[in-house]
Each structure stands twice: as C-alpha cells, then as structure tokens.
Amino acid sequence: MLEVVSINPTNGTPQQTRVAAALGAEASSVRLQAAMAAGSAPDPALLETLVERCAVEPDFFVRDMLTWALIRLPADLTLPRLREELVSGRAQARSQALHTLSKTGDRRAYAWITPALLHDADDEVARTAWRVAVALVPEEDGAARETLIGDLVRQLGRGDRNVRLSLSRALVDLGDEVRPALEKAAADPDPRVATHAAATELLRRDPEAGFDAAVEEAKRVVALGPERLAAAEEAAATARPGPTGHGTDERAGAAVPGSADREGGGAC
C-alpha cells in the first residue's frame, strides 16, 4: 500500500512537525517531497529538523534536496548550525555539513575546515573536506593555501583508487602552487606516496590524461628513477627503426635492437 504522509497545512499541525514526520517516512519519494516542500517555502523553524535529517538520511537524492532546502534559509542562521555539525560524532553529519557549506559558497566557512577534518579517519568525510577546502580557500591568502597544500600532500598514498583520485583532483585544482610539494613527494621512500605524487603531477600537467594511465606512468617513473627513465627513453628513441628496419646508435654506429637490452631485460 502506498505510504501517504501529509505535508500540507490542512490539519493545523505546525509545519516543522509535519515536515519532520514526512522526512521520517519509509518511502524515499515521500522524504524527497518533504525536503522539496521545505525548500520551496523556507522557514527558519525547520533548520534543526533539516540538519538533523541530513545526519541520518540514507538516500543521496534526498540528502541533496535537504542541502538545497538549507541553503534557501538565511546564511547567518544556517552557517553557525552547520559549523556545530562539523564536530559531530556521526561521520555522515560531518560529511553532509561540509557538502552544504560548499553549496553556500561562503568563504567564511573555510576557517572551520580544520586539519582534523582534512585528516578525518572516515574517507568520505576527508574526501568532502578536501573538495570543500579547495573551493573555499581564499585565492589571495598565500599562507592559507600553502598550509592546505601541506595537509593534502601529507595524505598522498591514502586509501583506495577513489580516495586517491579525489585527493589528486583536489591538488590539481590548486594549480601550479602544488608543483614543488608534489616533486618533493615524488621522491618519498614510500612507493605508494611517490607513485601518487607523480601521477598527480602528470595530471596537473595534462588534465586530459586519465587517472589510471597517469598512475601506470607514475609507477614506471618511480621504478626506474628519473635518471634511468631518461636513459631508457633516449635509448628507445635511438632504437626506433630506420629505413632498413633497424635501430642505429649514432654514437657507436652499432645496431640497437631496443632499449630493453640496455636495461638488462626491460624497463618496467
């Protein structure tokens, strides 16, 4: 049987009570309609109801509509309440509050994105914090940007592919400022860190390159080292077939079958 939860003011029940009831309905379509109604008729009295629901709502589309409803309320009311959620013990509350702050576009919120959030143990919270911090960090505040780059670079090599991709995108979005930090990280003794740093730098130089392709190239760079990589590439270029179908080493005048011979069995 279709679940029906009224959100129309026909029974005299205060709006926040009706919306709260609808937002707790079993059917996601009912919850979505309730969030839409809350955003269509913004009411500061609904602030607490909407924020609390963000922390527990399982459906992505409903959460996004809750965010829309929240940003329709006065920012001076919404922002302080979202700030409180950033230290919540519930990971989803922290993540959704960060997401909503990003939608406000209010740069005052940047100061609330603490190292604790950027390094949050929950991957989803950390990923959201990275994205929001990059979006809100003031362009003119060099010190803040440098600190943010340091916090992000220290997490290179973290997590699975999706986590690493999120971190790479955040760093790339910061522009040329990240190059020195990435170059330093690419020499890290931990191959996971070095590979992630090298892949991110490749993406920064060529945003059209795919992440997986950049990672594979970065693995090759890390495995060979810069000097051996340059030598291998030079040998490969020298060994390209000439008119007779053989590579020629111009310095020695000898035929070179391929760069693998010089590297003792292969470059990769």
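This is a guided tour of a predicted model, with a suggestion at each stop for what to select next.

**The whole chain**

Start with everything on display and colour by secondary structure: the chain holds 15 helices and 2 strands. Of its 268 residues, 43% are buried. Now turn to contacts in the chain with a separation of 6 or more: 58% of these join residues 24 or more positions apart.

Next, colour by pLDDT. The chain has a mean of 82, and 78% of its residues reach 70 or more. Select residues 1-12, where pLDDT stays under 50 and the model has 17 contacts beyond four places in sequence. Then select residues 246-268, another stretch where pLDDT stays under 50, this time with 33 contacts beyond four places in sequence. Where pLDDT is low, the predicted coordinates should not be read in detail. You may like to fade both stretches before moving on.

**Helix H5 and its cover**

Select residues 75-85, which form helix H5. Show side chains for Thr78, Leu79, Arg81, Leu82 and Glu85, the buried residues of this helix. What lies over them? Add residues 47-54 (helix H3), residues 60-71 (helix H4) and H6, which are among the elements covering the buried residues of H5.

Zoom in on Thr78 of H5. Is Thr78 buried or exposed? Its relative accessibility is 1%, so Thr78 counts as buried. Leaving aside residues up to four places away in sequence, Thr78 touches Leu47, Leu70 and Leu73. Draw a C-alpha to C-alpha distance from Thr78 to Leu47: the two are 7.1 Å apart in space and 31 residues apart in sequence.

Now follow the chain out of H5 to Val87, in the loop that leads to helix H6 (91-104). With a relative accessibility of 70%, Val87 counts as exposed. From here, pick Thr114, which is 27 residues from Val87 along the chain; their C-alpha atoms are separated by 9.9 Å.

**H4 against H6**

Keep H4 and H6 in view and hide the rest. Two packed helices are described by the angle between their axes and the distance between the axes. In this pair the axes come within 10 Å and cross at roughly 50°, which makes H4 oblique to H6. The crossing is right-handed.

For the contact itself, show Arg63, Asp64, Thr67, Leu70 and Ile71 on the H4 side, and Gln92, Gln96, His99, Thr100, Lys103 and Thr104 on the H6 side. Colouring these by class gives 2 nonpolar, 6 polar and 3 charged residues. Leu70 appears here in the contact with H6, and you have already met Leu70 as a residue that touches Thr78.

**On the way to H8**

Move along to Ala121, in the loop between helix H7 (115-118) and H8. Ala121 counts as exposed because its relative accessibility is 77%. Select Ala91 as its partner for a distance: the pair lie 30 residues apart along the chain, with 9.3 Å between their C-alpha atoms.

**H8 beside H10**

Bring up helix H8 (residues 123-136) together with H10. Their axes are 9 Å apart and the packing angle is about 10°, so H8 is roughly parallel to H10. H8 passes H10 in a left-handed crossing.

Show the side chains that make this contact: Asp123, Arg127, Trp130 and Val134 from H8, with Asn162, Val163, Ser166, Leu167, Ala170 and Asp173 from H10. By class, the contact of H8 with H10 has 5 nonpolar, 2 polar and 3 charged residues.

**H10 across H12**

For the final stop, hold on to H10 (residues 161-173) and add helix H12 (residues 191-205): these pack at an angle of about 50°, with 9 Å between their axes. H10 is therefore oblique to H12, and the crossing is right-handed.

Which residues of H10 meet H12? Select Arg164, Leu167, Ser168, Leu171 and Val172; their partners in H12 are His196, Thr200, Leu203 and Arg204. The contact of H10 with H12 divides into 4 nonpolar, 3 polar and 2 charged residues. Before you leave, highlight Leu167: this residue belongs to the contact with H12 and also to the contact with H8.

Notes:
Residues numbered from 1 in each chain as written. Predicted model: local features only at pLDDT ≥ 70, side-chain atom pairs only at ≥ 80, totals over all residues. Heavy atoms only, no water. Axes fitted to C-alpha atoms, helices over the stretch in contact; angles between N-to-C directions. Helix = DSSP H or I, 4+ residues; strand = E, 2+ residues; numbered from the N terminus. Parallel < 35°, antiparallel > 145°, perpendicular 65-115°, else oblique. Left-handed = near helix turned anticlockwise from the far one by under 90°. Contact = heavy atoms within 4.5 Å. Nonpolar A, V, L, I, M, F, W, Y, C, P; charged D, E, K, R; others polar. pLDDT = per-residue confidence, 0-100. Buried < 20%, exposed > 50% of the residue type's maximum accessible area, 1.4 Å probe, protein only.
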